[in-house]
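Open the model in your viewer and keep the selection tool at hand. Each stop below says what to select and what is there.

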Amino acid sequence: MTQYLRIAGPTLHDPANHVDGQVRDILVADGKVVAAFPPDVRPGSVTTLNASGLVAMPGGVDIHCHIASGSVNRARAMQGEEHATHVHACADHGGEHLRAGSGVLTPSTFTTGHRYAALGYTTALEAAVSPSGARQTHLELDDTPNLDAGFLLLLANHQRVIELLDANDSASAIAFVADQLRATGALGVKVVNPGGVAAWRVEPKHKIVESIDQTLPGSAVTPRRILQLMADAAEKLNLPHAPHVHCNRLGLPGNVATTLDTLAALDGRRVHLTHLQFHAYGQTAKGDFTSA
């Protein structure tokens, strides 16, 4: 049975449809906005929400967050006292008692969903999930209310990707990326410190990648080749999200040079650079930070 909702009288802002500050009703049928209800819909079958004096606008989309996955759960485990002492009870809402949540710095799934809703967000992307953690991430995101959610898969330092690139088999590397995305249900790929993590696994004392053309220990693979492979994979697979790149030398003085090299290496390809503020540092003569 179709469910009908009328959101009555809000001030509507809808840029996609060139609506800017008009007072009008919003009609919803089975969760989708419609232009009009069918003529045979009885008034008594429509739920009306009075939104006069309020603003209605598209929900916010958080394109980079950390609200699920193994890393978040490790943080929750380290903040156990938070979840014991910061319990967020939920009042009764029309006979429906909502689940409570807990935590402040590392909120539980229900607290996370309620906070996003209060801020006007409807969509969030967990930005960094390992293939082995995908199942747990799905379970947590499914348990987070009020949000459409997905995640990006960590693949840039995957050993199999490095091996295939070292063998100059880009086609198989892209096929591997496709298989991992299919198996895990991820929306796209996250590229973190390309080559840097793989290098650290071999030689921990050499974990800093100084240049995107620096080869990995025991390999001919460079961060440049990893970046370009992931961008090519996103294009060939027609992924809904461009590669989400966390550049090399994050947070280090002078890293703007590496960031500009990364942009040049990906020229003409779709890419999203995250943490850009922390990838744009210059360096003083004393080695301190400066804006660049």
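A residue counts as buried when its relative accessible area is under 20%. Keep that cut-off in mind for the first stop, and remember throughout that this is a predicted model.

**Stop 1: two single residues**

Select Asn255, in the loop that runs between β16 and α9 (256–265). Is Asn255 buried or exposed? Its relative accessible area is 0%, which is under the 20% limit, so Asn255 is buried. Now show what surrounds Asn255. Setting aside neighbours within four places in sequence, Asn255 is in contact with Arg249, Leu250, Phe278, His279, Ala280 and Tyr281.

Next select Ala149, which is in strand β14. Ala149 has a relative accessibility of 39% and therefore counts as partly exposed. Residues up to four places away in sequence not counted, Ala149 touches Ala124 and Leu141. Add His279, one of the contacts of Asn255, and draw a line between the C-alpha atoms of Ala149 and His279: the distance is 27 Å, for two residues 130 apart in sequence.

**Stop 2: the whole chain**

Zoom out and colour by secondary structure. The protein chain has 9 helices and 19 strands. Its C-alpha trace spans about 70 × 45 × 40 Å along the principal axes. The chain has 292 residues, and 41% of them count as buried. Take the contacts between residues at least 6 apart in sequence: 67% of these join residues at least 24 apart.

**Stop 3: the sheet of 6 strands**

Strands of a sheet pair through backbone hydrogen bonds, either parallel or antiparallel. Select the strands β8, β13, β14, β15, β16 and β17, which form an open sheet in that order, with parallel pairing. Which strands are at the edges? They are β8 (60–65) and β17 (272–273), and each of them pairs on one side only.

Look at the β17 edge. Strand β16 (residues 244–246) runs parallel to β17, and 2 bridges join them. To find one place where they pair, select His244: its bridge partner in β17 is His272.

**Stop 4: helix α3 on the sheet**

Add helix α3 (residues 109–119), which packs on the sheet and touches β8 and β13 (121–129). The direction of α3 makes about 130° with that of β13. Within α3, the residues Thr109, Phe110, Thr111, Thr112, Gly113 and Tyr116 are buried. What do the buried residues of α3 pack against? Their partners are β8, α1 (69–78), β9 (87–88), β12 (101–102), β13 and α4 (134–142). Just after α3 comes Gly120, which has a positive phi, near 90°.

**Stop 5: helix α6 and its neighbours**

Select α6 together with β14 (148–154) and β15 (188–192). Helix α6 lies across these two strands and runs at about 145° to β14.

Two packed helices are described by the angle between their axes and the distance between the axes. Begin with helix α5 (residues 159–166): the axes of α5 and α6 come within 8 Å and cross at roughly 165°. An angle over 145 degrees counts as roughly antiparallel, and therefore α5 and α6 are roughly antiparallel to each other. The crossing of α5 past α6 is left-handed. On the α5 side, the contact is made by Arg160, Val161, Leu164 and Leu165; on the α6 side, by Ser170, Ser172, Ala173 and Phe176. By class, 5 of the residues in this contact are nonpolar, 2 are polar and 1 is charged.

Now hide α5 and show helix α8 (residues 223–236). Helix α6 (residues 170–184) packs with α8 at an angle of about 65°, and their axes are 10 Å apart. Here α6 passes α8 in a right-handed crossing. The residues that make the contact are Ser170, Ala173, Ile174 and Val177 of α6, and Leu229, Met230, Asp232, Ala233 and Lys236 of α8. The contact of α6 with α8 has 6 nonpolar, 1 polar and 2 charged residues.

**Stop 6: the sheet of 3 strands**

Finally, select β3, β2 and β7. These 3 strands form an open sheet in the order β3-β2-β7, with mixed pairing. The edge strands are β3 (19–23) and β7 (55–56), each paired on one side only. Strand β2 (residues 11–14) and β7 run parallel and are joined by 2 bridges. Select Thr11 to end the tour: Thr11 stands opposite Val55 in β7.

Note on methods: Residues are numbered from 1 along each chain as its sequence is written. This is a predicted model: local features need pLDDT of at least 70, side-chain atom pairs count only at pLDDT 80 or more; totals for chains, interfaces and linings use all residues. Side-chain values use heavy atoms; hydrogens and water are left out. Axes are lines fitted to C-alpha atoms, for helices over the stretch in contact, and angles run from 0 to 180 degrees between N-to-C directions. Helices (H or I, at least four residues) and strands (E, at least two) are DSSP runs, numbered from the N terminus. A crossing is left-handed if the near helix is turned anticlockwise from the far one by less than a right angle, and right-handed if clockwise. Contact means heavy atoms within 4.5 Å. Ala, Val, Leu, Ile, Met, Phe, Trp, Tyr, Cys and Pro count as nonpolar, Asp, Glu, Lys and Arg as charged, and the others, Gly among them, as polar. Two strands pair if DSSP finds at least two bridges between them. Angles under 35 degrees count as roughly parallel, over 145 as roughly antiparallel, 65 to 115 as roughly perpendicular and the rest as oblique. Buried means under 20% relative accessible area, exposed over 50%, partly exposed in between (1.4 Å probe, protein chains only).
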